[in-house]
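These are comments on the model, set out point by point for a reader at the bench. Please keep the coordinates open while going through them.

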Amino acid sequence: GASELPTHFTLPSGDKIPSVALGVWQAPPNQVGDAVTAALKAGYRHIDGAWAYRNEDEVGKALKASGVPRDQVWLTSKLWNSFHAPEDVEPALDESLKALGVDYLDLYLIHWPIALKKGTNNEVDEALTANPYPTWQKLEELVDKGKVRNIGVSNFNIPRLRNLTANPLKYKPAINQVELSYWNPQPDLVKWAKENGLLLEAYSPLGSSDLVRETFNVPEVKEISRALSITPAQAIISWHVQRGTVVLPKSVTPSRVEENFHVRKLPDELFNKLEKAAQAHEPRRVVNPSKRYNLGYDIFDDDGGVIVPDEDDAGERSGTGSWRTG
Ligand code: NDP
């Protein structure tokens, strides 16, 4: 009813994606299986993983052991930066499928708008980074082959989304998975996504391990927790779903995994108060690899290395033209 939060959001494919997922970044291989087991037992039907998390084998084993049928659980993985070359995309997906022990994914994302040169760990392929369309076309092929049901991106800002969608896409990105937290609520991106039919997924929703304690100390979070007799984690996770985003809390502590699944609609007044407080301070971002890759710009800046098409000539573009670097 109207007093409940949505348990699912509907994507352009018609698929329904569960609104709360277990995130498994930094879940150690010897702990992730128990976390997945606890999640499935608590009622989660959505696991957010990635090739780069190095635990897809263990996630797959726990899934199999749970006895939950494949078609009852939503599985996401992500294409790592070193596999953006068109010929590398399908082999990379195949590795994830094999590790997970499944023959399709529900969602496959481009993990970062950063393409690395073949066989390197940190050398940026500038052309493919400025224009990921060749990579995207391969993802579209994977949909047509039945290996992935939905495709999307991660860590794309608005200029990069516009840059990609200026191409003649067969399938538009269904999802953009980005950092969204009390510290970095990104109201402009949330608004843009809503207007453009793009669903956002909130990563590091509790502020990641760096800021989780600070999140629980936010007065508005404490107030909700007290007023509704729920935990601070439940208050903040509920806020994310109420904002209209999928939320991906990570925990390897079974009791926390259980706790995090129980969301509820916040009274409008308390929701608005928390939203206002989140937007009132300077944004603080936790996850940003721009320096690690020596990009020379910030990957999240509006003019950080991306060519933005004019509104007038959408569709017309120069893939490797000069960069505006911020
Ligand atoms: P989260 O905001 O989910 O925070 C995780 C931290 O919070 C861990 O230290 C965890 O501890 C702790 N925690 C979780 N629940 C509770 C609770 N109820 N009470 C107290 N502490 C709690 O951050 P992440 O950065 O891990 O992000 C979540 C997920 O988002 C990732 O796992 C991944 O799936 C995705 N992600 C995607 C990225 C991308 O580039 N696309 C980047 C970053 C994240 P403990 O585990 O010890 O219980």
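1. Lining of the largest pocket. This is a predicted model, and the comments begin with its largest pocket. By class, the lining has 16 nonpolar, 13 polar and seven charged residues. That lining is made up of 36 residues, and the volume of the pocket is about 830 Å³.

2. Where the lining comes from. Which residues lie nearest the centre of the largest pocket? They are Trp25, Gln26, Ser208, Ser209 and Lys250. Two helices, H8 (208-216) and H11 (254-261), each supply at least two residues of the lining. The largest share, five residues, comes from H8.

3. Ser208. This residue deserves its own entry. Ser208 lies in helix H8 and is one of the residues nearest the centre of the largest pocket. Is Ser208 buried or exposed? With a relative accessible area of 16%, Ser208 falls under the 20% cut-off and so counts as buried. Its phi is near 60°, a positive value in a residue other than glycine. Most residues other than glycine have a negative phi.

4. Other positive phi values. Arg54 is not a glycine either, yet its phi is positive, at about 55°. Arg54 sits in the loop between S4 and H2. Unlike Ser208, which is buried, Arg54 counts as exposed, at 68% relative accessibility. A further case is Ser229, just after H9, with a positive phi of about 50°.

5. Salt bridges, and the pair Lys78 and Asp48. How many salt bridges does a search of the whole structure find? The count is 15. Side chains of opposite charge can pair when their charged atoms come close. In one of these bridges, the side chains of Lys78 and Asp48 meet at 2.8 Å, N to O. Lys78 belongs to strand S5 (residues 74-79) and Asp48 to strand S4 (residues 46-48), so the bridge ties together parts that are 30 residues apart in sequence. Both partners are buried: Lys78 has a relative accessible area of 0%, and Asp48 has one of 3%.

6. The pair Asp106 and Arg70. Here the salt bridge spans 3.0 Å, N to O. Both residues are in loops: Asp106 between helix H3 (86-100) and strand S6 (107-110), Arg70 between helix H2 (56-66) and S5. Because of these positions, the pair ties together parts that are 36 residues apart in sequence. Asp106 is buried, at 7% relative accessible area.

7. The pair Lys147 and Glu90. The side chains of Lys147 and Glu90 form a salt bridge of 2.7 Å, N to O. This pair links distant parts of the chain, 57 residues apart, with Glu90 in helix H3 and Lys147 in the loop between helix H5 (133-144) and strand S7 (151-154). The bridge is part of a network: salt bridges that share partners join Glu90, Asp94, Lys145 and Lys147. Lys147 is buried, with a relative accessible area of 18%; the cut-off for buried is under 20%.

8. The two sides of helix H9. Which residues of H9 (residues 219-228) are buried? They are Glu220, Val221, Ile224, Ser225 and Leu228. These residues cover an arc of only 140° around the axis, so they lie on the same side of H9. Exposed on the other side are Pro219, Arg226 and Ala227. The cover over the buried residues includes H8, helix H10 (232-242) and helix H12 (268-280). H8 thus appears in two of these points, since H8 also supplies the largest share of the lining of the largest pocket, five residues.

9. Asn122. The last comment concerns a loop position. Asn122 lies in the loop between S6 and helix H4 (126-130). It is partly exposed, with a relative accessible area of 45%. Leaving aside neighbours within four places in sequence, Asn122 is in contact with Leu116 and Tyr293. How far apart in space are Asn122 and Glu201? The C-alpha to C-alpha distance is 26 Å, and the two residues are 79 residues apart in sequence.

Conventions. Residues are numbered from 1 along each chain as its sequence is written. This is a predicted model: local features need pLDDT of at least 70, side-chain atom pairs count only at pLDDT 80 or more; totals for chains, interfaces and linings use all residues. Side-chain values use heavy atoms; hydrogens and water are left out. On a 1 Å grid over the protein atoms alone, a cavity is a set of points where a 1.4 Å probe fits but cannot get out, and a pocket is an open set with protein on both sides within 12 Å along at least five of seven lines; lining residues have an atom within 4 Å of a point. Grid points are joined across faces, edges and corners, and a volume is the space filled by probe spheres set on the points. Helices (H or I, at least four residues) and strands (E, at least two) are DSSP runs, numbered from the N terminus. Ala, Val, Leu, Ile, Met, Phe, Trp, Tyr, Cys and Pro count as nonpolar, Asp, Glu, Lys and Arg as charged, and the others, Gly among them, as polar. A salt bridge is a side-chain nitrogen of Lys or Arg within 4 Å of a carboxyl oxygen of Asp or Glu. Buried means under 20% relative accessible area, exposed over 50%, partly exposed in between (1.4 Å probe, protein chains only). The arc is that of the directions from the helix axis to the C-beta atoms. Contact means heavy atoms within 4.5 Å.
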